[in-house]
Amino acid sequence: MVDFKYDADVLIVGGGPSGSICAYYLAKAGKKVILIDSENFPRDKICGDFVSPIGLNELKKIGIWELDEYEKTNLIFGATVYLDGEPLITNKLPHITGLPNYGRVIPRVILDNWIVEAAKEKGVQIITPCKLNHYSVNDNYVKIECIQDGIEKHFIVKILIGADGSKSKVAKILNGKNLAPENKIVAVRAYFENLDCNFQQAELFFSSSCFPGYYWFFPTSATTANVGIGMMLEHFPKEDRNLKTLLLEKIENDSSFKAKIGNGKIVDKIVGFPLSIYNPRSSIVKDRVMLIGDAAGLVNSINGEGMQYAMQSGRWAAESVIKCLLSDNFNKKALKIYETIVRKEIGLDMSIANIVMQFIRNRNLNPLWLKLLEIMIAQAKTDERYADIAGGILAGMIPTSIALKFYFIRKSLLRGVIMSFRGTFGIFKFFKNATILIFRLLSQIFKQRVEYGNWIKNIFKAIFATLRLYYNCQNLKHN
Ligand SMILES: Cc1cc2nc3c(=O)[nH]c(=O)nc-3n(C[C@H](O)[C@H](O)[C@H](O)COP(=O)(O)OP(=O)(O)OC[C@H]3O[C@@H](n4cnc5c(N)ncnc54)[C@H](O)[C@@H]3O)c2cc1C
C-alpha cells in the first residue's frame, strides 16, 4: 500500500456546533483533526439562540456547564403561545428523565466560541479564515482546496466532514445539486435591548400572516431578547411581503407583541439566513465524505431548531469515524454506520414532521391549520399529559411521532368535535363553515391547478419517503 503524507486524519469544514463538537470528540480520541472556517472566531451566526434541553445535555458532555459564563446565560422554563395576538396558553417545559426541565438562550457569538475553544484544548488544529473551494475524492485520500488570506491552499486527509451549514458547499458537491426549495426554511432575527421582559419565558406568536411559520421572542436577559420570524420558503399563495417587513408590521400592529417590545430598541439590524430541512431521499455519506448538522439538513421543520441535532450528529459522526479509522475503511458502505444512526435516532421523526410541513404549505387552508392549533391548545389547557406531549414536541424534547399515537389522536379528535359543535346553533355553524371552506377550496383548486398539483405531489412524496425510511429502520432493528 502507498504510504501517503496526510495533513490530518480528518478535516472538518465549519466550526459551528456540529463541526466543533465532532472535532472535539475526534481529538479526544487521539485523532489528528484540522477544522477550517471561513470566519474568525468569535463570530456571530444568525439564529434564535434557543438551546433545547437535549442541546444543553450535549454541552454538558463536553464540559461547557463548568464555565462560569455558562451559568450566567438566560434560563427558559416555559413558553406562552399566542394565536392572532391572543395569549392562549402558558406552560412549563415537561419533566423528562435525564433532561433539564429548562432551555437556555445563548447568543451564538458566545456559544460557538466556547465549543471551538473546547475543541482547540483537545488538540484540534483550527485554521481561520479559510474557505473551502472544492474537494476531490481519490482511492486513498481526499484533497481539499481552500483559500486562506487570498492564497490557495490544499490539504490531504483520510476523510472530509462537511459541517458548513445550510448553504453547504460540501453537500452541494456530494449531492451534485443545490437543496430543493421545498426543503428550505427562511428566517430573520434581530436583537432588542432596553426591554422589560418576563425573562424566563419564551413567547411564540402564530398568525395567518406568517403561517406556515411563527414569530418568536426569546429573552437573552431581563432587558434583552432575540426576536424573529421563520417560515417555509415554498408555500402558496405567495406572501408578497418579505420576512423583515412582516416582523416590523407584527411589532407595530399586534398589541401583545408591541407590549413585549415596549420602549425596546433594535440593536444593529434585522438579518436573515436559510435553514435546510431533512430530506430522507438525500445521501449524507459518500466515499470518504460525511455531512453533519445543517449541511445534512438536520433541522426540525416543526420548530426550526437545529442546534441539538447539529451537536448530536457531530458526536455520532465522530464515533463512526473512530471505528472507520480503526478498520482503515472509508468507503460509503463503511460510513453508513453514521447514516444509520441518524436515520434511526432523528431521521424518521424529521420525515414525519416534513409530512406535516408539506400539508401546511397550502396557505389557502390557514384557517383550518390555525383551527387545528387552537383545538390542540384547548385540549392542552385541560389535560396535563397532552400538554406535556404537545409542549415537548414543540420544544424538540419529544419525538413528533408521539403525536401519531392513539391517545394523542383520540384526544385531539374528541376536542375538535366538542369545539365544533359547542354553543347554540353550534352544529349549524359548523356545517355552514365546513360548506364555505369546501366551496372555497374547490374554486381555488380550479384557479390554482398547478400549485394544488404540486402540493398533492409533494405530500405523497413525503409520505412515501417516510414509509420507505420506516421500513428500512424496521429492517435495521431486526438485523
Ligand atoms: C434565523 C434563525 C433562527 C434559528 N433559531 C434557532 C434556535 O433558536 N434554536 C436552534 O436550535 N436552532 C436555530 N436555528 C438553526 C441553527 O442556527 C442551526 O441548526 C445550527 O447553526 C446548525 O449548526 P451547524 O454547525 O450545522 O452549522 P452553522 O452553525 O451554520 O456553522 C457552519 C459554519 O461553517 C462555516 N462555513 C460555511 N461555508 C464554509 C466554507 N465554504 N468554508 C469554510 N467554512 C464555511 C460558517 O462560517 C459557519 O461557521 C436558527 C436558524 C436561523 C437561520
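This note goes through the domains, one helix, the salt bridges and one loop residue of a predicted model.

1. Domains. The protein is divided into two domains. Domain 1 is assembled from three stretches of the chain, 8–42, 106–180 and 278–353, while domain 2 runs over 360–478. Their C-alpha centres lie 35 Å apart. To the contact between them, domain 1 gives 18 residues and domain 2 gives 16 residues.

2. The interface between the domains. Domain 1 and domain 2 bury about 1,500 Å² between them, and 65% of that area is on carbon and sulfur atoms. The number of salt bridges between domain 1 and domain 2 is zero. Polar contacts are present: five residue pairs are found across the interface, with both residues at pLDDT 80 or more. On the domain 1 side, α8 (307–327) and α9 (332–360) each supply at least two of the residues that touch domain 2. Helix α9 gives the most to that side, with nine residues.

3. Helix α6. This helix spans residues 243–253. Its buried residues are L243, L246, L247, K250 and I251. They sit on the same side of α6, because the arc they cover around the axis is only 135°. The elements they pack against include the strands β12 (184–193), β13 (201–206), β14 (213–219) and β15 (225–232). Also among them are α7 (255–261) and β16 (265–276). At the N-terminal end of α6, N242 acts as the cap. A side-chain oxygen of N242 lies 3.2 Å from the backbone nitrogen of K244.

4. K250, a lysine on the buried side of α6. Is K250 buried or exposed? K250 has a relative accessible area of 7%, and therefore counts as buried, the limit being under 20%. Setting aside neighbours within four places in sequence, K250 is in contact with F205, S207, Y215 and F257. The side chain of K250 also meets that of D254 in a salt bridge, at 2.7 Å from N to O. D254 is buried as well, with a relative accessible area of 8%.

5. Salt bridges in the helices α4 and α10. Side chains of opposite charge can pair when their charged atoms come close. The whole structure holds 15 salt bridges. One of them joins the side chains of K120 and E117, at 3.4 Å from N to O. Both residues belong to helix α4 (residues 108–121), where a spacing of three residues separates them by about one helical turn. K120 is partly exposed at 43% relative accessible area, and E117 is partly exposed at 35%. Another salt bridge links K371 with E374, whose closest N and O atoms are 3.7 Å apart. K371 and E374 lie in helix α10 (residues 366–382), again three residues apart, or about one turn of the helix. K371 is partly exposed, with a relative accessible area of 41%, and E374 is partly exposed at 29%.

6. A salt-bridge network. Which residues are joined into one network by salt bridges that share partners? They are E58, K61, R315 and E319.

7. S301, a buried loop residue. S301 lies in the loop between β18 (289–291) and α8. Its relative accessibility is 5%, so S301 counts as buried. The C-alpha atoms of S301 and K184 are separated by 9.0 Å, although the two residues are 117 residues apart along the chain. Beyond neighbours within four places in sequence, S301 is in contact with I185, I277, A353, N354 and M357. With N354 there is also a polar contact, side chain to side chain, at 3.0 Å.

8. Points to look at in the structure. For the domain interface, the helix to begin with is α9, which gives the most residues to the domain 1 side. For a salt bridge between buried residues, look at K250 and D254, whose side chains meet at 2.7 Å. For salt bridges between partly exposed residues, one pair is K120 and E117. For a loop residue with partners elsewhere in the sequence, look at S301 and its contacts, including I185 and M357.

Notes: Residues numbered from 1 in each chain as written. Predicted model: local features only at pLDDT ≥ 70, side-chain atom pairs only at ≥ 80, totals over all residues. Heavy atoms only, no water. Buried < 20%, exposed > 50% of the residue type's maximum accessible area, 1.4 Å probe, protein only. Helix = DSSP H or I, 4+ residues; strand = E, 2+ residues; numbered from the N terminus. Arc of directions from axis to C-beta. Contact = heavy atoms within 4.5 Å. Polar contact = N/O pair within 3.5 Å; in protein donor to acceptor, adjacent residues only side chain to side chain. Domains from an automatic or database assignment. Buried area = accessible area lost by both parts, 1.4 Å probe. Salt bridge = Lys/Arg side-chain N within 4 Å of Asp/Glu carboxyl O.
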